[in-house]
Amino acid sequence: MINLAKIQSLIKHYLLLVLCLMFLSTSCLKAQTHVPDQAFRSYLIGLGINFDANGNITNPERVASISKIEMNNDSGIISVSGIEAFINLKELEIIFNNESIDLSKNTLLTNLLIYSPELVSIDVSKNTLLSSLSFMRTSKLTSLDVSKNTLLNFLSIYDHKLTKLNLSKNTRLTYLKIDNKGSSNKKLESLDLTSNIKLMNLNLIGLSLKELDLSSNTKLNSVDISGNKISKLTFSKNTMIERMNLSYNELTDFDIYNHPLLKSLYLQNNKLTQLDLSKSLFLPLDVSESTFQTSRKINKQIFLKGNPFETGQP
């Protein structure tokens with residue numbers, strides 16, 4: 001005798017199984033990573049990534065094994081869409097030419113370098129393990145929020161359009177470089193470094209800074225703040241500095257004392273009218289070039305050319 005209830009139950013389970021398989025199949029299709037940029041696909045093929053005819057990655061296990069991507073030259077890549085699949089990346093040096101990049105899935109990144117002339121903004125709030133962050137030739141970059149990147153100890157930005165930058169949460173920074181030398185994008189007029197007490201190397205070049213307080217940065221060893229509009233500089237507590245470049249600013253006076261380790265001081269093209277060297281180790285050697293040093297043994301140099309001194313020599 002046919003058990004109708006049993007047959008109905010079997011049919012129900014079969015239909016349920018079919019639906020589950022369809023769901024899993026659809027999920028798998030959705031999980032496929034598409035890489036639309038042909039140049040980027042070509043680069044990834046060189047890393048052992050395979051693609052189907054539609055540009056979808058077919059060997060995700062290879063993707064999962066990659067922890068470092070390092071592009072050494074411009075391969076004509078416009079979009080790096082698909083980079084989000086590389087969730088185990090720790091180091092990324094990437095060259096592309098697009099206004100944006102999505103790194104929200106690459107949460108294991110510790111080192112990131114981006115070269116992109118078209119990049120306007122970037123969200124690195126999910127990349128909280130970053131210790132090194134660099135931007136090169138990002139001449140359209142208008143905003144950057146690093147408040148979530150509290151592990152940063154290295155930050156370098158070369159060529160940008162930033163008008164402000166908050167570094168109050170980046171207390172581990174030891175190296176900071178913001179460089180716009182040779183660029184017309186000189187819009188960053190102020191920068192607060194009072195929270196960055198571990199800074200040892202500071203380069204703020206070709207910006208529009210008008211004043212700078214380094215009194216909290218007592219571990220500084222090398223400072224280059226040339227090519228700004230600085231008329232006020234506070235650095236009397238920075239006794240560890242060995243090299244300092246203050247050229248092409250608007251300084252009218254300068255206190256050379258309290259810096260016993262200072263070996264090289266660049267003060268060219270400021271507005272200095274006098275400079276007291278009587279108690280310093282800097283002695284004149286070449287007055288015509290406004291270059292002074294003590295001796296070959298001590299090797300302390302100061303460069304002063306281009307200042308309106310009141311007398312023939314400071």
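Student: What does the accessible surface of the chain come to, and how much of it belongs to carbon and sulfur atoms?

Tutor: The accessible surface is about 17000 Å², and 52% of that belongs to carbon and sulfur atoms. Such areas come from the Shrake-Rupley method with a 1.4 Å probe, and for residues only the protein chains shown count as cover. This is a predicted model, where local features need pLDDT of at least 70, side-chain atom pairs count only at pLDDT 80 or more, and totals for chains, interfaces and linings use all residues. Residues are numbered from 1 along each chain as its sequence is written, and side-chain values use heavy atoms, with hydrogens and water left out.

Student: Why is asparagine 127 called buried?

Tutor: Buried means under 20% relative accessible area, exposed over 50%, and partly exposed in between (1.4 Å probe, protein chains only). Asparagine 127 has 0% relative accessibility, so asparagine 127 counts as buried. Of the 314 residues of the chain, 40% are buried.

Student: What makes the link from the side chain of asparagine 127 to the backbone oxygen of asparagine 106 a polar contact?

Tutor: A polar contact is a pair of N or O atoms within 3.5 Å; within protein, one must be able to donate a hydrogen and the other to accept it, and residues adjacent in sequence count only if both atoms are side-chain atoms. Here the distance is 2.9 Å.

Student: How do you know that strands S4 and S5 pair?

Tutor: Two strands pair if DSSP finds at least two bridges between them. Strands (E, at least two residues) are DSSP runs, numbered from the N terminus. Five bridges join S4 (residues 132–136) to S5 (residues 154–158), and these strands run parallel. Methionine 136 stands opposite tyrosine 158 in S5.

Terms used:
Helices (H or I, at least four residues) and strands (E, at least two) are DSSP runs, numbered from the N terminus.
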